[in-house]
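Q: I should like to learn how to read a few features of a protein structure. May we look at one together?

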Amino acid sequence: MTLFTQSALALSLFISLALGANVAQAESLAIINATVHTATEQGVLNNATVVIENGIIAAINPDNPKSDSVIDAKGATLTPGFIAAMNDMGLVEVGAVATSRDARDKEADISFDPSLAFNPLASTIPFARKGGITRNIVTSGGGESIFAGQTFVVDLSGGFDSVIANKTGLYVELGATDEGSRAMGMQQLIHQLEDTQKALSKAKKSDKSDKEDSDEPSRENSIISAVLAGDIPLIVAVDRASDIIHLIRLKQDFELDLVIVNGADAVLVSEPLAQANIPVVIDAMRNLPESFDSLHNSLENAGKLAKAGVKVAIALPGDSHSVYALRYSAGNAVANGMDYNDALAALTANIADIFHLDSGRIAVGKAADLVLWSGDPFEFSTHIERMWIAGKEQSLQSRQDELRDRYLKKTDMPAAYR
């Protein structure tokens, strides 16, 4: 067989596989007899049918459901896939190994795009799937600047095309510092917004035909311009109430799409936050003061904010190895006063709204990111029976499962050789 013939056969096989994948993706699926938690105004639908076509939800409870295949849920709970946020999943493999850490860089600034380092084969991804998570908003750890870089959105399919969108938000870290004053960080943010706004106003007044190449905006100014235009959110990690008040004023002055992350003191200013329509991404498990900025940490904060009318998203910011436990964080929020439906929305619909995603709800036209559970997803003993991302069923096997199977396997060899 000649080299040309081998290449032709390989190409033919590749095309066949690609076409086969497209056919498989085009197959429709009906999930019947499910207890569907829609995360919409429809609430919970009993004995419901959800039809998936071409990766989206095509119908809910149709009169005459037609599909290529059918799965009988037998009353099991079907929810939207959970959405994690503000962690370094896919950027860090082993925190103690410097060469596997790509989330931070001391020179990281406004233009830092960590999606260029994303690894869809990271072992944290299939482990997070086992926690019901189908999408994630990834952020960098920043550097020496208050501007930690840009966020990006991924699905947890583990494919090389799993980065759905990059440069989706500008992440800023404010508050207490080991050296100097917190005022400097807030002032730097204000000046950056003011300077870029002035530059944009000046550019509009000038004659475009007379502009030279040197007048083209810098990468940093282009990103701040997108923030000022409301094209991407300004995501600020901050805890103290006085800092949050300054940010509320900034939102009003510059008409920003502003998102607060952490917000230990947010309960003290919940009314102005709700009035300004500023969402809070909160770790519902923070219950102790970690600094003078977080004296009001409490397991009740997520529920209190939601009851005050603040749009709440529950997340586990930072280390991606703990993201699997996101559903337990929501369950603890419910145990400490948060309404069950508010907690479900905080993992699905709310976070989809905050970060402008096409998922997070079981509704016609939404991405078919779905999870079928053996029971209440917030209960520790509940497990996932099946999962779909964009209509494609996902493996629930992780590296942890493989290690368990490896070391529980009976053999005559010593343990070190198994």
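A: Certainly. Please keep in mind that this is a predicted model. Let us begin with backbone angles: M86 has a positive phi of about 60° although it is not a glycine, and M86 lies in strand β6 (residues 82-87).

Q: What sign does phi have in most residues other than glycine?

A: Most residues other than glycine have a negative phi. Here, N277 also departs from that pattern, for its phi is positive, about 60°, although N277 is not a glycine. N277 is placed in the loop between α6 (270-275) and β12 (280-282).

Q: Is M86 buried or exposed?

A: A residue counts as buried under 20% relative accessible area and as exposed over 50%. M86 has 2% relative accessibility, so M86 is buried. N277 has a relative accessible area of 60%, and therefore N277 is exposed.

Q: How is T35 to be read, as buried or exposed?

A: The same cut-off of 20% applies. T35 is buried because its relative accessible area is 18%. T35 belongs to strand β1 (residues 29-37). Leaving aside residues up to four places away in sequence, T35 touches V44, L45, N46, G75, A76, T77 and L78.

Q: Which residues touch the most other members of the largest nonpolar core?

A: A nonpolar core joins buried residues through their side-chain atoms. The largest one here has 72 residues, among which L247 and L273 touch the most other members. Helix α5 (residues 241-254) supplies the largest share of this core, six residues. Not counting residues up to four places away in sequence, L273 touches I244, I248, I260, A266, I278, V280 and V310.

Terms used:
Residues are numbered from 1 along each chain as its sequence is written. This is a predicted model: local features need pLDDT of at least 70, side-chain atom pairs count only at pLDDT 80 or more; totals for chains, interfaces and linings use all residues. Side-chain values use heavy atoms; hydrogens and water are left out. Helices (H or I, at least four residues) and strands (E, at least two) are DSSP runs, numbered from the N terminus. Buried means under 20% relative accessible area, exposed over 50%, partly exposed in between (1.4 Å probe, protein chains only). Contact means heavy atoms within 4.5 Å. A nonpolar core is a set of buried Ala, Val, Leu, Ile, Met, Phe, Trp, Tyr and Cys residues joined through side-chain atoms within 4.5 Å.
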